[in-house]
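Me: I would like to learn how to read salt bridges, buried positions and pockets from a set of coordinates. Could we work through one case together?

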Amino acid sequence: IASDAISHDFETAVLLGLEWGIEHFELKRVHDTRRIAEATEEDLKKVEQVLHKNMVRISSLSPGIFKEPLKQETILKEFDRFEKTIVIAHKLRVRKIIIFSFERTPDLTIDQAIPQIEDAIGHLVRRAEAEGVTLLLENDRGLWVDTPETLKQIMSSINSQALKINWDPCNLLAAYPQPPYPYGYNLIKKWIGHVHIKDAKAKGIGEFSHAMVGEGDLDWAGQFGALINSKFKGLCVLEPHFGSRISSSREHL
């Protein structure tokens with residue numbers, strides 16, 4: 001589970017998660033608004049103590065890399081944040097880092113954006129290869145790589161074992177005309193390295209409301225079945241996006 005889905009305090013999230021049988025936590029934030037790339041030495045020391053004391057592991061880091069508009073100054077700033085994340089990953093013994101694909105803006109077309117995104121992600125991939133970590137590219141609403149087709153394009157172009165997909169089918173609801181599963185999944189399934197779990201009901205183009213897993217529009221039973229049949233070896237990470245953090249997370253589990 002994403003630790004901040006339970007609590008913004010990492011120790012509280014781990015202690016509650018352990019009660020529920022969770023042993024792997026995705027780490028996005030150390031506080032309410034501070035992403036892991038901005039963690040202080042004191043923050044990291046506390047995280048290490050919690051991990052060691054409770055014998056749990058961090059499944060992945062999500063520092064929010066490439067969630068801003070696609071501009072040269074942003075790319076350079078994000079390269080710096082990525083280097084900080086690499087240091088943190090080694091310190092916390094994490095081998096997976098989630099990245100994104102820049103916020104869509106009206107000053108660019110998709111044909112103009114994709115080559116720049118490939119260059120930026122390619123730079124991170126070369127660093128990941130050298131550092132022994134795997135990057136997980138997440139499809140997300142409002143970003144340039146937000147459909148199975150664009151995911152496929154990026155993955156095929158970069159073609160590295162250090163780059164996998166963080167498949168979030170819920171992020172396609174109300175933003176994509178075809179069903180995330182089976183249509184979207186079948187386009188990109190060979191690159192999936194990680195799965196985010198949440199659900200929603202689509203209300204129209206661009207309109208949706210989050211729902212309890214199994215009560216939304218996603219065919220999660222079918223999706224899980226396909227992952228099992230493909231002998232998927234990655235992790236499925238619960239990421240509830242509504243309700244009281246503790247009670248919602250517990251109910252989702």
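Me: Which side chain meets that of Glu239 in a salt bridge with an N to O distance of 2.5 Å?

Reply: Before the case itself, note that this is a predicted model. The general idea is that side chains of opposite charge can pair when their charged atoms come close. Here the partner is Lys28, whose side chain meets that of Glu239 at 2.5 Å, N to O. Glu239 sits in the loop between E9 and H9, while Lys28 sits in the loop between strand E1 (24-27) and helix H3 (41-54), so this pair ties together parts that are 211 residues apart in sequence.

Me: Are Glu239 and Lys28 buried or exposed?

Reply: Both Glu239 and Lys28 are buried. The cut-off for that term is a relative accessible area under 20%. Glu239 counts as buried because its value is 5%.

Me: How many salt bridges does a search of the whole structure find?

Reply: The search gives 16. Another of them joins the side chains of Glu239 and Lys198, at 3.0 Å from N to O. Lys198 is in the loop between E6 and E7 and Glu239 in the loop between E9 and H9, so the pair links parts that are 41 residues apart in sequence. Through shared partners, salt bridges join Lys28, Asp168, Lys198 and Glu239 into one network.

Me: Where does Lys198 lie, and which residues does it touch?

Reply: For position, start with the flanking elements: Lys198 is in the loop between strand E6 (192-197) and strand E7 (199-204). Its relative accessible area is 3%, so Lys198 is buried. Leaving aside residues up to four places away in sequence, Lys198 touches Asp168, Cys170, Asn171, His210, Val213, Leu218, Trp220, Glu239 and His241. Within that list, Asp168 makes a side-chain polar contact of 2.5 Å with the side chain of Lys198. The side chain of Glu239 also makes a polar contact with that of Lys198, at 3.0 Å.

Me: What does a salt bridge look like when both partners lie in one helix, as with Arg81 and Glu78?

Reply: In such a case, check the spacing along the sequence. Arg81 and Glu78 lie in helix H4 (residues 72-92), 3 residues apart, which is about one turn of the helix. Their closest N and O atoms are 3.1 Å apart. Arg81 is buried because its relative accessible area is 11%, and Glu78 is buried because its value is 1%.

Me: How do I read the burial pattern of a helix such as H9, and which residues are buried there?

Reply: List the buried positions, then see how they are placed around the axis. In H9 (residues 245-252), Ser248, Ser249 and His252 are buried. These residues are on the same side of H9 because they cover an arc of only 95° around the axis. Next, look at what covers them: the cover includes helix H1 (3-6), strand E8 (207-211) and strand E9 (235-238).

Me: What is the volume of the largest pocket, and which residues lie nearest its centre?

Reply: For a pocket, read the volume and then the lining. The largest pocket holds about 330 Å³ of space. Its lining has 15 residues, and those nearest the centre are Arg57, Ile58, Leu92, Arg93 and Val94. The elements giving two or more residues to this lining are H3, strand E2 (57-65) and H4.

Key. Residues numbered from 1 in each chain as written. Predicted model: local features only at pLDDT ≥ 70, side-chain atom pairs only at ≥ 80, totals over all residues. Heavy atoms only, no water. Buried < 20%, exposed > 50% of the residue type's maximum accessible area, 1.4 Å probe, protein only. Helix = DSSP H or I, 4+ residues; strand = E, 2+ residues; numbered from the N terminus. Arc of directions from axis to C-beta. Contact = heavy atoms within 4.5 Å. Polar contact = N/O pair within 3.5 Å; in protein donor to acceptor, adjacent residues only side chain to side chain. Salt bridge = Lys/Arg side-chain N within 4 Å of Asp/Glu carboxyl O. 1 Å grid on protein atoms, 1.4 Å probe; cavity = no way out; pocket = protein on both sides within 12 Å on 5 of 7 lines; lining within 4 Å. Points joined across faces, edges and corners; volume = space filled by probe spheres on them.
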